[in-house]
Amino acid sequence: MLRHIISMKDFSRDEIDIILKNTMDFEPRARGQLSSLLSGKVLATLFYEPSTRTRLSFETAMKRLGGEVIDLGPVEKSSVVKGETLADTIRVIGNYADAIVLRHPREGAARMAAEYSNVPIINAGDGAGHHPTQTLLDLYTIMRESSLSNLKIALVGDLKYGRTVHSLAYALSMYHADMTLISPKQLQMPDVIKKDLKKQGASVSETTTIEDVIGDIDVLYVTRIQKERFPDPAEYQKVAGIYRVTEELLKKARDNLIIMHPLPRVDEIDAAVDKTKYARYFEQSFYGVPIRMTLLAMAMGVV
Amino acid sequence: MNKKKNNSDGSMNKELRVRPIRHGTVIDHITAGQALNVLKILGISGTTTAVVSVAMNVPSKVMGSKDIVKIEDRELEQEEVDRVSLIAPNATINIIRDFEVIEKYRVDLPEHLEGVMKCDNPNCISNTSEPVISKFTVNKKPVELRCIYCDHVISEGITEHLI
């Protein structure tokens, strides 16, 4: 059976643990050790929405494992503008490539693509929906830089529209993490997701300021308030720049605190924080490569 | 549905309203006011050739009032009628052959629904020109439908989302 990677909900805790463990083995190859594991394989990247790090880290992962990458190019110059459906594009590209990485503005696009595809689909973000490879690299970062057991984590920023935090919170609930959700009232995590988390047995509390919890957490996970997800620009202006992690704020932090951010950041983490011992967001973005190596190798059936 | 049962409703004009059918399906104990939605959910429209009788707001001892739908010469499958429970959880199904009730059961929500409802997330892939049929997983108590594509949950105003 094809192994698609669509949503964290498709993974059991055991499967996640295996992926994280395998990723340890891929790390040297992500750092440049030569590999021909995926030599002769072709990966297609279909990005209907702009992306830098996700696309480049998939390409890097594939190339460092000796594989080739083809892409759709700019959407406005592709068959999409001629009105081709995603379902058709997927069936065509599936005849060229051994796996497809898909980012699409519509929620559920990857799930539908999987129904039509004869090669594995890897979801690299579907609208405000899922982004499982980001979640897995986040978990891997926590495992490598902190610990997934007895974890106390605060998720900060846009918890309403931010797909990253939805998937991450769901996955962390499988590790029985103690989660604090920090956001302005209008950007709180949707009730349906909170309900899911509680059903999984997660401990979830909510507050509106980072100061409330900074002295009591292992991981501070900061997200950008995404302008492009706001239906109303006036609503965005009300909350833009509301959270800012500074050296001053970190004076109250635990010694072993780590700060993560899926990037790109705007102004939510002060540049002065980059050189502190707490900053891990650039390591985090590096871990995207070994995680995606693992997922590509799994999808293509070589591990 | 037999005549004796109808008498127990104590209703007027029972000849007209509840005349037995020879063959077919009687859906009884439909939540009052939902009969037309029941037809919709079963895909019975104005172009159907079957003889269909609809009785609305019929006095009922148990329910106060109820709707009844009779479809002649068609025996509905359990899978078809289970959808009815979305809007009429107490409905009962009677399969009639030669004026006899040969099978009687209550509707029960299925675990999955396909092509019956429209996802209420406008940005869901199932609301595009893509060749995709809406699919939901069903939670029975309380009734919640979760879109398998975008994860959105419909818990209220279910009739408004009928396709």
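Helices, of at least four residues in H or I, and strands, of at least two in E, are DSSP runs numbered from the N terminus. The legends below refer to a predicted model.

**Figure 1. Overall build of chain A in the predicted model.** By this assignment, chain A comprises 10 helices and 9 strands. Its C-alpha atoms occupy a box of roughly 55 × 45 × 40 Å along the principal axes. The radius of gyration of chain A is 19 Å, in agreement with the value near 19 Å expected for a compact globule of 303 residues. Of these 303 residues, 47% count as buried. Among contacts in chain A with a separation of 6 or more, 76% link residues 24 or more positions apart.

**Figure 2. The open sheet of 4 strands in chain A.** The strand order is 2-1-3-4, and the pairing is parallel. Strand 2 (68-71) and strand 4 (121-126) of chain A each have a single partner strand and stand at the edges, so one side of each lacks a neighbour in the sheet. On average, neighbouring strands are turned by 15° against each other, direction ignored. Helix 2 (residues 53-64) of chain A packs on this sheet and touches strand 1, strand 2, strand 3 and strand 4 of chain A. The direction of helix 2 makes about 175° with that of strand 1 of chain A.

**Figure 3. Strand 3 of chain A and its two pairings.** Strand 1 (residues 42-47) and strand 3 (residues 99-104) of chain A run parallel and are joined by 5 bridges. Along this pairing, T45(A) stands opposite V101(A), and F47(A) has R103(A) as its bridge partner. Strand 3 and strand 4 of chain A also pair in the parallel sense, over 4 bridges. There, the bridge partner of V101(A) is I122(A) in strand 4. In general terms, strands of a sheet pair through backbone hydrogen bonds.

**Figure 4. Burial of strand 3 of chain A on both faces.** Of the 6 residues in strand 3 of chain A, 6 are buried. One side carries A99(A), V101(A) and R103(A), and the other carries I100(A), L102(A) and H104(A). Both faces are therefore covered, as the residues on either side are all buried, with 20 or more other C-beta atoms within 10 Å.

**Figure 5. I100(A) within the largest nonpolar core.** This core contains 121 residues, of which I100(A), L155(A) and L296(A) touch the most other members. Helix 10 (residues 281-299) of chain A supplies the largest share of the core, 9 residues. Beyond its neighbours within four places in sequence, I100(A) is in contact with A44(A), L46(A), I90(A), I93(A) and G94(A). The remaining contacts of I100(A) are with S117(A), V119(A), I121(A) and I122(A).

**Figure 6. Antiparallel pairing around strand 7 of chain B.** Strand 6 (residues 112-114) and strand 7 (residues 135-139) of chain B pair in the antiparallel sense over 3 bridges. In this pair, L113(B) has F136(B) of strand 7 as its bridge partner. Strand 7 is also joined by 4 bridges to strand 8 (residues 144-147) of chain B, and these two strands run antiparallel. Here the bridge partner of T137(B) is R146(B) in strand 8. Strand 7 and strand 8 of chain B form a hairpin, with 4 residues between them.

**Figure 7. The contact of chain B with chain A.** Chain B contributes 16 residues to the contact and chain A contributes 12 residues. The side of chain B that touches chain A has 9 nonpolar, 5 polar and 2 charged residues.

**Figure 8. Two exposed residues of chain A, E15(A) and K227(A).** E15(A) is found in helix 1 (residues 13-30) of chain A. E15(A) counts as exposed because it has 12 C-beta neighbours inside 10 Å, and the criterion for exposure is 12 or fewer. The C-alpha atoms of E15(A) and G83(A) are separated by 38 Å, with the two residues 68 apart along the chain. K227(A) is found in the loop between strand 8 (219-222) and helix 8 (233-239) of chain A. K227(A) likewise counts as exposed, with 12 C-beta neighbours inside 10 Å. The C-alpha atoms of K227(A) and A240(A), 13 residues apart along the chain, are separated by 8.3 Å.

Conventions: Residues numbered from 1 in each chain as written. Chains lettered and ligands numbered in written order. Predicted model: local features only at pLDDT ≥ 70, side-chain atom pairs only at ≥ 80, totals over all residues. Core = buried A, V, L, I, M, F, W, Y, C linked by C-beta atoms within 7 Å. Contact = placed C-beta atoms within 7 Å. Pairing = 2+ DSSP bridges. Axes fitted to C-alpha atoms, helices over the stretch in contact; angles between N-to-C directions. Rg over C-alpha atoms; globule rule 2.2 N^0.38 Å. Nonpolar A, V, L, I, M, F, W, Y, C, P; charged D, E, K, R; others polar.
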